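Reader: I am new to this structure and would like a close look at one part of it, followed outward to whatever it touches. Please take your time and explain the terms as you go.

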Amino acid sequence: MSDAQPLVGLIMGSKSDWETMRHCADTLEALGIPFEARVVSAHRTPDLLFTYASQADSRGIQVIIAGAGGSAHLPGMAAAKTVLPVLGVPVPSRTLDGLDSLLSIVQMPKGIPVGTLALGKAGAINAALLAAGILGLQRPEFRDALMNYRRKQTEEVLAHPDPRVQ
Ligand code: RP5
């Protein structure tokens, strides 16, 4: 992680979410986007969540990415305390395979939006890419990093057209 002012606040409900959310952190790092990573639980540390979400804007955070599993209130409650864009990543749960996480994050009532990504690793990576797109509206270096990421991804597919060859 760099010493630069974090632009993305990457929060998650538990240390156990890191196995999924580290893919988001890796992608932000690859794109050169400064971020901070914190465990902030809607249920176990509700006061910390309120403080974090309500102060993020004034601390210079521009996008919040919130990953949570089970009865996953973290993204929605964070969104309730800030007008920053909040991207929600449903983390696979042990009992219901993450369907609980997905439904509790995606099904926000009107008025307080959460941009919900796919369940698990794909959502974690895509949250970072979407954050790059948002930040890239003002910061051309992040837009360029995103375009470069996608160009490499396309080249990688085109370079290996035969699915039987590793
Ligand atoms: C949620 O409860 C977390 O986001 C996590 O996905 C889930 C389980 O947490 P642990 O019991 O593993 O700490 O708050």
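Author: The buried residues of helix α4 pack against β3 (63-69), α3 (74-80), β4 and β5 (115-116), where contact requires C-beta atoms, placed from the backbone, within 7 Å. Helices (H or I, at least four residues) and strands (E, at least two) are DSSP runs numbered from the N terminus. This is a predicted model, in which local features need pLDDT of at least 70 and side-chain atom pairs count only at pLDDT 80 or more, while totals for chains, interfaces and linings use all residues. Residues are numbered from 1 along each chain as its sequence is written. Within α4, the buried residues are Ser101, Leu102, Ser104 and Ile105; buried means 20 or more other C-beta atoms within 10 Å, exposed 12 or fewer, and partly exposed in between.

Leading into this helix is the loop between β4 (86-91) and α4 (99-106), and aspartate 97 is found there. Unlike the buried residues of the helix, aspartate 97 counts as exposed, because it has 12 C-beta neighbours inside 10 Å. The backbone of aspartate 97 also deserves attention, since its phi is near 60 degrees, a positive value in a residue other than glycine. Most residues other than glycine have a negative phi.

From here the view can widen to the interior. The largest nonpolar core (buried Ala, Val, Leu, Ile, Met, Phe, Trp, Tyr and Cys residues joined through C-beta atoms within 7 Å) holds 45 residues, among which Val8, Ile33, Ile65, Leu74, Ala78 and Ala131 touch the most other members. The largest share of this core, 6 residues, is supplied by α5. Looking at alanine 131 and setting aside its neighbours within four places in sequence, one finds it in contact with Val8, Ile33, Val63, Ile65 and Leu87.

Helix α5 (residues 121-135) also has helices beside it. The axis of α1 (residues 18-31) comes within 7 Å of the axis of α5, and the two cross at roughly 30 degrees, these axes being lines fitted to C-alpha atoms over the stretch in contact, with angles from 0 to 180 degrees between N-to-C directions. The helices α1 and α5 are therefore roughly parallel, a word for angles under 35 degrees, with over 145 roughly antiparallel, 65 to 115 roughly perpendicular and the rest oblique. On the α1 side, Thr20, Met21, His23, Cys24, Thr27, Leu28 and Leu31 take part, and they meet Lys121, Ala124, Ile125, Ala127, Ala128, Leu129 and Ala132 of α5.

The axes of α5 and α6 are 7 Å apart, and these helices pack at an angle of about 140 degrees, which makes α5 oblique to α6. Here Leu129, Ala132, Gly133 and Leu135 of α5 make the contact with Phe142, Ala145 and Leu146 of α6. Further along α6 (residues 140-159) lies arginine 150, which is exposed because only 11 other C-beta atoms lie within 10 Å. The C-alpha atom of arginine 150 is separated by 9.6 Å from that of leucine 129, although the two are 21 residues apart along the chain.

Note on methods. Contact = placed C-beta atoms within 7 Å.
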